[in-house]
Amino acid sequence: MSTNETRASTQLPHDQGELEHGKPKEPQKASPALTLTAGLLGFALVCLDASVVNVALPAIGSSFGSGMSGLQWVVDAYTLAFAALMLSTGAFSDRAGASRAYALGAAVFTLASAACGLAPNLPALIGARVVQGVAAAVVLPASLALVRQAYADPARRARAVAVWAAGGSVAVALGPVAGGALTTAWDWRGIFFVNLPIGALILALLVRAPRSERRPAPLDLPGQVTAVVALTALTFAVIEGGTAGWAALGVAVAAAVAFLRIEARRPHPVVPLGLFRNRTVAVTVAAGAAVSVAFYSMVFVFSLFFQQVQGRSALQAGLMFLPMTGLIAVTNVVAGKLAGRYGARLPMLVGQGLAVAGLLVTLYVDTGTPAVVVALLLVPMALGCALTVPPLTAAMMDAVPAERAGLAAGVLNAARQMAGALGIAVFGALVSDGFVAGMRLSVGISAALLALTGLLSFRLAGPSASRS
């Protein structure tokens, strides 16, 4: 959603120049522009698949005869795998080498997309979405590392990373529209098949990319496993409910306790708990999570509202999101400039306040509200979220030592994705028991979370957060 939110999202490999068998590696000639194109396409692809599926959900449900819980899993299977494994895939990229990790991630993502498009039933689709999420978690840090390695000059590197990040913003903005257009003109399976030529192009471009060095990087496998178990079990408990849900909640609590104990004792934890002793880190992670709950969950809820309640086509539903998503990239740029001039606190407060006001206005939406009016009412919420994310990311980066910036940003992005997944799980359950009433309750919860993190944001330092 932001041109800055994925900046330094994981620890990046160092520049090339490793020694093999005592001899320097011969530098490979490659066009930095081609490497940037390959990295940008991969990042855009994984961002697109986080949002493109929402508008296609009613068609998927109709195809498989699925209820709300099944549709929630189609979204959350991808998001959970993507978010949870993002904690470790930066280290994996270092160990394997960015170019190898990226090629592997892109190949698996492409094959998983084909499996999604060919899925004969809902469990097969959900399973393929999990594999997509795993691959996406590898693609994101490896693509950024690859772009970083392609440019030796710091100024050119900064511009390249900005272009790479903008690709993600554009993909998120186009996701609902692309999903609606493909579902209407082709079928819901088209939203996955369209990934195949893009994946093939990425792999073709990688042939020209220089091979990246491998570097030792610690992996916290016990911490990673317990994090995945805790998040998956919690999501299962919310979506499925009943006796199985209570059992899953018990598993989630046990896994969370184990995770905290492991992270407190590991020399290289996947989530250093000490980070959260820093007030700025704690506030920015909370604010980022609240923004994700509001933005991604509202796209999920209103995608269903336009189609299931108002009877709009998938294309019409996708177009209804264009006003809110089309302004995100521009707002991100403005937010970055405001943060540079006034510090992070002011734009964060304004952004969260605007998002809360926008959400409260949508409480008046009902079945008879014209779709165009609903589309316009969603704009302030989206602009507020877009105004909040770049400064909170900058504040997070300023609050930690430089050597921990990649790790901290990975924690921030993972927390945001996890919050979005849990928001979809909760709000999907709410709208199942009466759509409009559940939608209004979902809007109210989102507004309350943002109001709370807005109050917490007052505690941030003025021009810049103090470093820890």
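**Close-ups of a predicted model**

**Figure 1. A nonpolar patch on the surface.** Val330, Val334, Leu338, Tyr342, Leu346 and Val350 come together here to make a nonpolar surface patch of about 490 Å². Keep in mind that you're looking at a predicted model. Two helices, α14 (328–342) and α15 (345–361), each put in at least two of the patch residues. Helix α14 has the largest share, with 4 residues. Pick out Leu338, which sits in helix α14. Is Leu338 buried or partly exposed? Its relative accessibility is 30%, so Leu338 counts as partly exposed.

**Figure 2. The whole chain, before we zoom in again.** Step back for a moment and you'll find 19 helices and 2 strands in the protein chain. The chain has 468 residues, and buried ones make up 56% of them. Now take the contacts between residues at least 6 apart in sequence: 85% of these join residues at least 24 apart. As for the outside, the accessible surface comes to about 17900 Å², and 67% of that belongs to carbon and sulfur atoms.

**Figure 3. Inside the largest nonpolar core.** This view goes into the largest nonpolar core, a set of 137 residues. Which residues have the most contacts inside the core? They are Ile60, Leu125, Phe295, Phe302, Phe306 and Met324. Helix α11 (residues 279–309) gives the most to this core, with 19 residues. Take Met324 as a sample and look at who it touches: Phe295, Val299, Leu378, Val379, Met381 and Ala382, once you set aside residues up to four places away in sequence. Phe295, one of the partners of Met324, is also on the list of residues with the most contacts in the core.

**Figure 4. Ser297, tucked into helix α11.** Stay with helix α11, because that's where Ser297 lies, and Ser297 is buried at a relative accessible area of 0%. What does the side chain of Ser297 reach? It reaches the backbone oxygen of Val293, at 2.8 Å. If you skip the neighbours within four places in sequence, Ser297 is in contact with Ser292, Gly420, Gly423, Ile424 and Phe427.

**Figure 5. Gln307, another resident of helix α11.** Gln307 also has its place in helix α11. With a relative accessible area of 13%, Gln307 falls under the 20% cut-off, so Gln307 counts as buried. A polar atom of the Gln307 side chain lies 2.8 Å from the backbone oxygen of Val55. Val55 turns up again among the residues that Gln307 touches, along with Pro58, Arg312, Ser313, Ala314 and Ala317; residues up to four places away in sequence are not counted.

**Figure 6. A salt bridge between buried partners.** The structure holds 2 salt bridges, and this view shows the side chains of Asp49 and Arg129 meeting in one of them (3.8 Å, N to O). The pair links distant parts of the chain: Asp49 belongs to helix α1 (residues 32–51) and Arg129 to helix α5 (residues 122–150), 80 residues apart. Asp49 is buried, at 0% relative accessibility. Arg129 is buried too, with a relative accessible area of 0%. Why can side chains like these pair up? Side chains of opposite charge can pair when their charged atoms come close.

**Figure 7. The salt bridge of Asp187 and Arg189.** Here Arg189 forms a salt bridge with Asp187, and their closest N and O atoms are 3.9 Å apart. Is Asp187 buried or partly exposed? With a relative accessible area of 29%, Asp187 is partly exposed.

**Figure 8. Ala447 and its contacts.** Ala447 is found in helix α19 (residues 435–457). Its relative accessible area is 4%, so Ala447 is buried. Leave out the neighbours within four places in sequence, and Ala447 is in contact with Val356, Leu359 and Leu360. Now find Val291, which is 156 residues from Ala447 along the chain: their C-alpha atoms are separated by 9.6 Å.

**Figure 9. Ala258 in helix α10.** Our last stop is Ala258, found in helix α10 (residues 242–265). Ala258 has a relative accessible area of 28%, so it is partly exposed. How far apart are the C-alpha atoms of Ala258 and Pro222? They are separated by 9.1 Å, and the two residues are 36 apart along the chain.

Definitions and conventions
Residues are numbered from 1 along each chain as its sequence is written. This is a predicted model: local features need pLDDT of at least 70, side-chain atom pairs count only at pLDDT 80 or more; totals for chains, interfaces and linings use all residues. Side-chain values use heavy atoms; hydrogens and water are left out. A nonpolar core is a set of buried Ala, Val, Leu, Ile, Met, Phe, Trp, Tyr and Cys residues joined through side-chain atoms within 4.5 Å. Buried means under 20% relative accessible area, exposed over 50%, partly exposed in between (1.4 Å probe, protein chains only). Contact means heavy atoms within 4.5 Å. A polar contact is a pair of N or O atoms within 3.5 Å; within protein, one must be able to donate a hydrogen and the other to accept it, and residues adjacent in sequence count only if both atoms are side-chain atoms. Accessible areas come from the Shrake-Rupley method with a 1.4 Å probe; for residues, only the protein chains shown count as cover. A salt bridge is a side-chain nitrogen of Lys or Arg within 4 Å of a carboxyl oxygen of Asp or Glu. Patches are made of residues with over 30% relative accessible area and no salt bridge: like charges are joined within 9 Å, nonpolar side chains (Val, Leu, Ile, Met, Phe, Trp, Tyr) within 5 Å.
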